[in-house]
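Here are some short exercises to work through with the coordinates open beside you. Try each task before reading its solution.

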Amino acid sequence: MKRLEPGLRTLPAQMILSFIGLVLLMAGAAVLPAVWLTHHQLERQAWAQVQRGERATQALYAAIREELGDLATLTAQRPTLQRLLLQGDEEALPAYLRTLQQGSGLDLVLLCRSGQVVAQAGESGPPDPCAGQERATFYVVGVGSPPQVWLMAAQPLEGPGQVVVGRSLDDDLAVQMRAQTGLEHTILVAGQPAATSFPARRPPSSSADRIEDRGRFNLGGHPYYAARFSLDGPGLQAEVALDVSDIVGTQHRLVWILVGSIVAVAAIASLLGTVLSRRIGGPLARLADAATAMSRGDLEGSLEVEAGVREVALVAQALEGARSDLKRSLAELRQEKAWTDHLLEAIVEGIVTLDRHGHITFFSHGAERITGWDRDEVMGHSCDRIFQPTESDEPFSQLIPPPGQHRKVPVELRDGRQAILAFTGARLLPPEGGDARVALVFRDVSEEEAVHRLLGHFLANVAHEFRTPLSALAASVELLLDQASDLSPAELAELLTSLHLGVLGLQTLIDNLLESANIETGHFQVRPRPSSLGDVIAEAIAMMQPLLDKHGQRLVVELPAAIPVVLADPRRTVQVLVNLLSNASKYGPDEAEIEVRATLEGGWVRVAVADSGPGVPPEQRKNLFRRFVHPRSGGNDAQVGIGLGLSVVKAIVKAHGGEVGIDDRPGGGATFWFTLPLAAG
């Protein structure tokens, strides 16, 4: 046994040793829990930050999927896309898809029909893109190094086919995720990184360093805490990682500071331990309270913790940075949601969403404009109360079309008017699960239905208008063929006059049809030039004289002493006069007088055609110059013609810059007039 030095046997030494041992024991008893507590708190806060980043990343993926689904729905509802697809315009479809793809920030937009790609814009996506579902779905392309991951969404079109949109989950997306969450982001396929925000790809991590979905790894000399969660795809996961180098360094420096303090000042170690525990424990407790508040979603108040220890201050700064990043990410998500809501509000069609009970949960401005109901009046109410069918005893909820289909439903609007609304249905599935919602997009097609009915009436009248003169022409020609040698010159002249009138009527009808078609397609043009008004009127009278002679009608022409020269298209102006003279002859009695009068009014010439017919009631004059409207078609009078002549007259006169109208004729009848500009002297 080794002998102790005499000095160590002394009481002071023993006391000093005992005191030092007691101080060391007390210091150890006080310091070790503080070290453990600090380590535990830092560990908790780091994992809490990882968990918050994981939740924020899941929310971002949900927002991306929802946005992609909305873009698929909006793209499928593009009228231009529907028109190009129906027309089969294979040259215009890719260019239009590229415009949609560039404008929406998508990586892929394509059209599918019968499972085959019709047109595509953007990068090459999955090998079978036309197998996409309506809900945004993840796809893994290949198992190479690295594999590719796509997020695809499909939306059926009104006709056969569907629109598929996609976004590539690549390194750029991972960098965006890091910017929004403050954590490194990696997308893994079967444990192999497919996309990452790290500067260099790390090898797949083994399962030995993981506890369920949490794990630790080292990369480039930096330790990371990581968490994984599954995406909807085979072997597809997303990982968020927090660099904890500062936290680990803080822990190591804290331990060395405490040990050095105990060795250097053993006599006052207990006091220093108390001071250090207060300087460290207090801020950490406040940091823990702040972290708890952040976990509950309170991100408004700034994290201000006064800490005398630099490492604790770094932790406070890290938490404050995480709070700011999370607040900014949530603000961006809210802004994106507000932008989506604004986009929905700007759509002219009505948009309504219903819960599973058929109650209204969203009512756009377009829906307010079409139905007359205010949003505050309909929110939470049943759709059967707002949309009341007029031609069916079934409630509206039973008439809602299936997703991707449309149906026309006559309903009563708020002001009592009846309208025909075309509804298109879709089913919205919330990303977090729960009850699905029904989305309805509708528009007022009352005028379109009225046009369809008018078109049917128009076609019937056209057939009648062609059949009558053709029958007369056929009869006259047959008579000439059979009895030409037996007919007197007067009878031959009468038959030829009848043939001429029939051809003239058909020519006028065809001219009006062609002009109406040109007006409708936007190809209607006039070529004004200086023309003698007398020549124009004379040509029109020459064309109409046989018809006037047939009915024994007399034509009176009144022109200024100096025949005016107008700036007009002679052929079009003759057509205007022929239509007006034809109506005057048609609606005027036989043996009556028809007046053609021209007067000067400043720099214009006013030309009027007056008949002795029954006139036009005032209530019919508002729509008299519209297509398919017949003059004096009310009462017991039968409709004559197809209702295009006056609409063509108005279009020609307006193209010259003039005006057209109708007045009562003194003594009975109607006076149709129009103005033309005088040619510059």
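## Exercise 1: a serine in a loop

S197 sits in the loop that links β7 (192-196) and β8 (210-211); strands here are DSSP E runs of at least two residues and helices are H or I runs of at least four, numbered from the N terminus. Before going on, note that this is a predicted model, where local features need pLDDT of at least 70, side-chain atom pairs count only at pLDDT 80 or more, and totals for chains, interfaces and linings use all residues. Residues are numbered from 1 along each chain as its sequence is written, and side-chain values use heavy atoms, with hydrogens and water left out.

Task: decide whether S197 is buried or exposed, and find which polar atoms its side chain meets.

Solution. Start with the accessibility: S197 has a relative accessible area of 4%, so it is buried (buried is under 20%, exposed over 50%, partly exposed in between, with a 1.4 Å probe and protein chains only). Next, look at the side chains: S197 and E184 share a polar contact of 2.6 Å (N or O atoms within 3.5 Å, one able to donate a hydrogen and the other to accept it; residues adjacent in sequence count only if both atoms are side-chain atoms). Finally, turn to the backbone: a polar atom of the S197 side chain lies 2.8 Å from the nitrogen of H185.

## Exercise 2: the disulfide

Task: find which cysteines form a disulfide, and work out which parts of the chain they tie together.

Solution. Searching the whole structure gives one disulfide (cysteine sulfur atoms within 2.5 Å). The partners are C112 and C130, with sulfur atoms 2.1 Å apart. C112 belongs to strand β1 (residues 108-113) and C130 to the loop between β2 (116-122) and β3 (137-141), so the pair ties together parts that are 18 residues apart in sequence. Now check the torsion: -85° about the S-S bond makes the link left-handed. Both C112 and C130 are buried.

## Exercise 3: a six-stranded sheet

Task: write down the strand order of the open sheet and identify its edges.

Solution. The order is β13-β12-β17-β16-β15-β14, paired antiparallel (two strands pair if DSSP finds at least two bridges between them). At the edges stand β13 (360-363) and β14 (388-389), each with a single partner strand, so one side of each has no neighbour in the sheet. Inspect one pairing: eight bridges join β16 (residues 418-428) to β17 (residues 437-444). As an example, L421 has D444 in β17 as its bridge partner.
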